[in-house]
Amino acid sequence: MPTIKDLETALGSTYKLWKNSIDFTKQVYPEVVEEWNYSGDKFGWSFRLKDKKRVLVYLLPRDKFFKVAFVFGQKAVDQIMESDLAEFIKTELNKAKPYAEGRGIRIEIKDD
């Protein structure tokens, strides 16, 4: 399991954005539970911010950046499509294959 030092080294300047993502999620949802998960050699480690029933946010460390992943149910997808969120997010969500648990998207975080 990665340590904070491992993350700081691997993520470089994006570590502060990683930390901000976690802090923001905790601010909006104080009951969030943090969990590391290892999905095998092909996918590596992921950091999950969960409530009692589901993962709210996945953070996926990479070399000098990370990915944020979300899975949205149909009601959430409908709300997002009607919102003023960035068009690239809507496009990615629209292209995502629907599964029983919802539509998933990953966004690369390389800078502010």
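**View 1. S46 in strand 2.** Strands here are DSSP runs of E, at least two residues long, numbered from the N terminus. S46 is found in strand 2. The model is a predicted one. Is S46 buried or exposed? Its relative accessibility is 6%, so S46 counts as buried; the cut-off for buried is under 20%. Which residues does S46 contact, leaving aside neighbours within four places in sequence? They are E35, W36, N37, L59, L60 and P61.

**View 2. The open sheet.** Six strands form an open sheet with antiparallel pairing. Their order is 1-2-3-4-6-5. Strand 1 (33-38) and strand 5 (98-99) stand at the edges. Each has a single partner strand, so one side of each lacks a neighbour in the sheet.

**View 3. Strand 3 beside strand 4.** Strand 3 covers residues 55-61, and strand 4 covers residues 66-72. The two run antiparallel. How many bridges join them? There are four. L60 has K67 in strand 4 as its bridge partner. L60 also appears in View 1, among the contacts of S46.

**View 4. Helices on the sheet.** Helix 2 (residues 15-28) lies across strand 1, strand 2 (45-50), strand 3, strand 4 and strand 6 (102-109). Helix 2 runs at about 170° to strand 3. Helix 4 (residues 87-95) packs on the sheet too. Helix 4 touches strand 4 and strand 6. The directions of helix 4 and strand 6 make an angle of about 135°.

**View 5. The two sides of helix 4.** Which residues of helix 4 are buried? I89, K90 and L93 are. Down the axis of helix 4, the buried residues fall within an arc of 100°, so they line one face of the helix. These buried residues pack against strand 4, helix 3 (74-82) and strand 6. On the other side of helix 4, E87 and K95 are exposed.

**View 6. Helix 3 against helix 4.** Two packed helices are described by the angle between their axes and the distance between the axes. For helix 3 and helix 4, the angle is about 145°. Their axes lie 10 Å apart. The crossing of helix 3 with helix 4 is left-handed. Which residues meet? From helix 3 come V77, I80 and M81. From helix 4 come K90, L93 and N94. The residues of this contact divide into four nonpolar, one polar and one charged. K90 and L93 are also among the buried residues of helix 4.

Technical notes. Residues are numbered from 1 along each chain as its sequence is written. This is a predicted model: local features need pLDDT of at least 70, side-chain atom pairs count only at pLDDT 80 or more; totals for chains, interfaces and linings use all residues. Side-chain values use heavy atoms; hydrogens and water are left out. Two strands pair if DSSP finds at least two bridges between them. Contact means heavy atoms within 4.5 Å. Axes are lines fitted to C-alpha atoms, for helices over the stretch in contact, and angles run from 0 to 180 degrees between N-to-C directions. Buried means under 20% relative accessible area, exposed over 50%, partly exposed in between (1.4 Å probe, protein chains only). The arc is that of the directions from the helix axis to the C-beta atoms. A crossing is left-handed if the near helix is turned anticlockwise from the far one by less than a right angle, and right-handed if clockwise. Ala, Val, Leu, Ile, Met, Phe, Trp, Tyr, Cys and Pro count as nonpolar, Asp, Glu, Lys and Arg as charged, and the others, Gly among them, as polar.
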